[in-house]
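Subject: A structure for you to look through

Hello,

Here is the structure I promised to pass on. Please open it alongside this message, and my notes follow below.

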Amino acid sequence: MLSTTQLNTMLTLQDGMNRKVNPQWLSANYAYLRAAMIESVEGIEHHGWKWWKAQHKDLPQLQMELVDIWHFALSSIIIQFEGDIEQSSSTIAQQLASNTSSVTFDGKDYDFTRLDILVNLQLMAGLCAANRFDVPLFIKIVEQAEMNADELYRQYVGKNVLNFFRQDNGYKEGSYLKLWNGREDNEHLVDVLNALDIALPDYSDQVYQGLQQRYPSN
């Protein structure tokens, strides 16, 4: 289960990134759950579902889609509580602690603990289309995609911090270097993440500093 520190860190990072994009993001009416719906469908594609052709499950890409969904879901939850990070964190924690195993959609109850990942991804897409997000369902899908809470946190923080780092180093202006010493920034990020303990209270700051130390100086 995600810890309070992990939830607060992710919510704070999400709010910070959204503010970097638009300081007035809370009132901008962006369709975050529509975006989460699209990512859910893309997750289905990465898993593979077509019975009429041979398909290969791309687990890393599916996991990446889930991390993207979490970005959009956190944004939606923060808006729900008018920017209150503490209340957002508390609500998510309560939902996770409830051990809820079912969700009602279109008048029907679904026990998502008994459904396979494809059905659950479709269910999540439907809920998002109806402007709803169910945290316990999402976490179940994360588990079905062979991730645990710590791995979700690690990948989320990594991607969010890398986005910050890119923006701070000229990404919008076109001066950012995506290749460092013959390797893409994503590869450097993996090295940084693997070298750090996710239990660090300043984990996200340490990730940023790790990237900064590797980035070519002018």
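Let me start with a question: how many bridges join strand S1 to strand S2, and do they run parallel or antiparallel? There are 4 bridges between S1 (residues 102-105) and S2 (residues 108-111), and the strands run antiparallel. Before you read further, please keep in mind that this is a predicted model.

**The hairpin**

Two pairings help to place the strands against each other. Thr104 faces Asp109 in S2, and Phe105 is set opposite Lys108 in S2. The hairpin leaves 2 residues between the strands, and Asp106 has a positive phi there, near 55°.

**Two more positive phi values**

If you check backbone angles, you will meet Glu82 and Asn131 as well. Glu82 has phi near 55°, which is positive although the residue is not glycine. Glu82 sits in the loop between H3 and helix H4 (85-97). With a relative accessibility of 73%, Glu82 is exposed, because the cut-off for that class is over 50%.

Asn131 is another residue other than glycine with a positive phi, in this case near 65°. Asn131 belongs to the loop between helix H5 (117-129) and H6. Its relative accessible area is 59%, so Asn131 also counts as exposed.

**The nonpolar core**

The largest nonpolar core holds 61 residues, and Leu2, Trp70, Met124, Phe133 and Phe138 have the most contacts inside it. Helix H3 (residues 59-80) supplies the largest share of this core, with 10 residues. As background, nonpolar side chains in soluble globular proteins tend to be buried together.

Met124 is a good place to begin looking. Beyond four places in sequence, Met124 touches Ser40, Leu66, Ile69, Phe133, Leu137, Phe138 and Ile141. Two of these partners, Phe133 and Phe138, are themselves among the residues with the most contacts inside the core.

**Four residues in helices**

Val135 is part of helix H6 (residues 135-144). Is Val135 buried or exposed? Val135 is buried, because its relative accessibility is 1% and the cut-off is under 20%. Outside its neighbours within four places in sequence, Val135 contacts Trp70, Ile77, Ile92, Gln95 and Leu96. Val135 and Ile92 are 43 residues apart along the chain, and their C-alpha atoms are separated by 7.1 Å.

Ile92 turns up again in the surroundings of Leu74, which lies in helix H3. Leu74 is buried, with a relative accessible area of 0%. Leaving aside neighbours within four places in sequence, Leu74 is in contact with Met10, Leu11, Gln14, Ile92 and Tyr156. If you want a distance to check, the C-alpha atoms of Leu74 and Leu33 are separated by 9.9 Å, with their positions 41 residues apart along the chain.

Asn160, a residue of helix H7, is also worth opening up. Which class does Asn160 fall into, buried or exposed? At 0% relative accessibility, Asn160 counts as buried. Its contacts, not counting residues up to four places away in sequence, are Leu13, Gln14, Met17 and His71. Gln14 is thus a partner of Asn160 and of Leu74.

Ile79 lies in helix H3. Ile79 is partly exposed, with a relative accessible area of 28%. Not counting residues up to four places away in sequence, Ile79 touches Trp25, Leu26 and Tyr32. Ile79 and Ser27 are 52 residues apart in sequence, and 8.1 Å separates them in space, C-alpha to C-alpha.

**The largest pocket**

I have kept the pocket for last. What is the volume of the largest pocket? The volume is about 390 Å³. The lining has 16 residues, and Met64, Gln155, Lys159, Asn186 and Leu189 lie nearest the centre of the pocket. H3, helix H7 (149-168) and helix H8 (185-194) are the elements that each give two or more residues to this lining. Which of the elements gives the most to the lining? That is H7, with 7 residues. By type, the lining residues divide into 7 nonpolar, 6 polar and 3 charged.

Happy browsing, and do write back with your thoughts.

Best wishes

Methods. Residues numbered from 1 in each chain as written. Predicted model: local features only at pLDDT ≥ 70, side-chain atom pairs only at ≥ 80, totals over all residues. Heavy atoms only, no water. Core = buried A, V, L, I, M, F, W, Y, C linked by side-chain atoms within 4.5 Å. Buried < 20%, exposed > 50% of the residue type's maximum accessible area, 1.4 Å probe, protein only. Contact = heavy atoms within 4.5 Å. Pairing = 2+ DSSP bridges. 1 Å grid on protein atoms, 1.4 Å probe; cavity = no way out; pocket = protein on both sides within 12 Å on 5 of 7 lines; lining within 4 Å. Points joined across faces, edges and corners; volume = space filled by probe spheres on them. Nonpolar A, V, L, I, M, F, W, Y, C, P; charged D, E, K, R; others polar.
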